[in-house]
Amino acid sequence: MRRSHRPLPTPEAHLMAHLRSTVWGPAEFVGLPPWWLVVEGLVAGGVGAMAIVATAVAGAWYGVPGLADGEGGLLCAAALALYLCVVRAGRALVGIVAVLGVCLALQTPPAAAGLVLAERGRVESVVVTSVEGGPGAVSGRGRYLCSVADRDGEPLKVRIWRGCGKTTRPGDALAVVYDSKGRVPPRGVEPGVSPAEPLRALGGWAAALLAGCVTAVVRSYRLSHTASRPPASPGSTAGWRRGAGVPPAG
């Protein structure tokens, strides 16, 4: 009787499988991922996002330049990417999470400053001394920039764009919010807009970072057989570890 032989996997197939596992993660499970793996991804992403935002808020609140400028957030993003490398997540997903973490870290400082001004800022009136910029300007992102002076005639070191428009002229009055402790630069007040409004915009970046972490952790799931142990009986999970879980189907 002639025996049927299964075709042996080619080296190219092994190479492609290895590349897919390395780039995107092996995701060696059947059906839905284990719930604890999803929880691990949520915890990692949540802690990472909160750390990025919290460092910038703390830096703005206490006047620590390295944290207020987002450098602490960048370190938190790097630590999160390192954690994903430790659990052997797919390299592409690690890169995506790293990029999202950097974007969140760069978007957080102005939002943190707005939160501080919303909590302990005081609004004062200033006088416009000159207006620059506009849609045709090279710098300023097309914004109008107003140089202003306080009621004592002392010019502010920063130019104001919030509340400064094409109809603004020298001599006009603008409302500016100051930090009572002087740790955050003053900024203009836009009617009907809270100074902490940018903080809400961080929700999208944080949600994307969280989703990326969950995907990376879930897809890092591997079935790793321990050669030193005897073969597991059918239906048993002995001899498998994490990245370990449900043995592959026969």
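In which helix is Ala113 found? In this predicted model, Ala113 belongs to helix α5, which spans residues 91-120. With a relative accessibility of 11%, Ala113 counts as buried, because the limit for a buried residue is under 20% relative accessible area. When residues up to four places away in sequence are set aside, Ala113 touches Ala60, Val184 and Arg187. A further relation links Ala113 with Ala58: the two residues are 55 residues apart along the chain, and their C-alpha atoms are separated by 9.9 Å.

The protein chain as a whole contains 6 helices and 6 strands. Read from the N terminus, the elements follow the order α-α-α-α-α-β-β-β-β-α-β-β. Of the 250 residues in the protein chain, 34% are buried. The exposed area of the protein chain is about 14,900 Å², of which carbon and sulfur atoms supply 63%. Contacts between residues at least 6 apart in sequence were also examined, and 67% of these join residues at least 24 apart.

Four strands of the protein chain form an open sheet in the order β2-β1-β3-β4, and the pairing is antiparallel. Strands β2 and β4 (187-188) stand at the edges with a single partner strand each, so one side of each has no neighbour in the sheet. Strand β1, residues 121-133, is joined to β3 by 7 bridges, and the two run antiparallel. Within this pairing, Ser125 has Ala175 of β3 as its bridge partner. The pairing of β1 with β2 is likewise antiparallel and extends over 6 bridges. Here the bridge partner of Val131 is Cys146 in β2. Strand β2 is mostly covered, with 5 of its 6 residues buried.

Cys146 also takes part in a covalent link. The count of disulfides in the model comes to 1, and the pair concerned is Cys146 and Cys164, with an S to S distance of 1.9 Å. The link between Cys146 and Cys164 is right-handed, with 75° about the S-S bond. Cys146 lies in strand β2 (residues 144-149), whereas Cys164 lies in the loop between β2 and β3 (173-179), so the disulfide ties together parts that are 18 residues apart in sequence. Both cysteines of the pair are buried: the relative accessible area of Cys146 is 0%, and the relative accessibility of Cys164 is 9%. Another cysteine, Cys213, is also buried, with a relative accessible area of 0%.

On the surface, a nonpolar patch of about 640 Å² is made by Trp35, Trp36, Val39, Val43, Val47 and Met50. One of these residues, Val39, lies in helix α2, which spans residues 35-62. Val39 has a relative accessibility of 38% and therefore counts as partly exposed, since that class lies between the 20% limit for buried and the 50% limit for exposed residues.

Terms used: Residues numbered from 1 in each chain as written. Predicted model: local features only at pLDDT ≥ 70, side-chain atom pairs only at ≥ 80, totals over all residues. Heavy atoms only, no water. Patch = residues over 30% accessible without salt bridge, like charges linked within 9 Å, V, L, I, M, F, W, Y side chains within 5 Å. Areas by Shrake-Rupley, 256 points an atom, 1.4 Å probe, with all protein chains shown as cover. Salt bridge = Lys/Arg side-chain N within 4 Å of Asp/Glu carboxyl O. Buried < 20%, exposed > 50% of the residue type's maximum accessible area, 1.4 Å probe, protein only. Disulfide = S-S within 2.5 Å. Contact = heavy atoms within 4.5 Å. Pairing = 2+ DSSP bridges.
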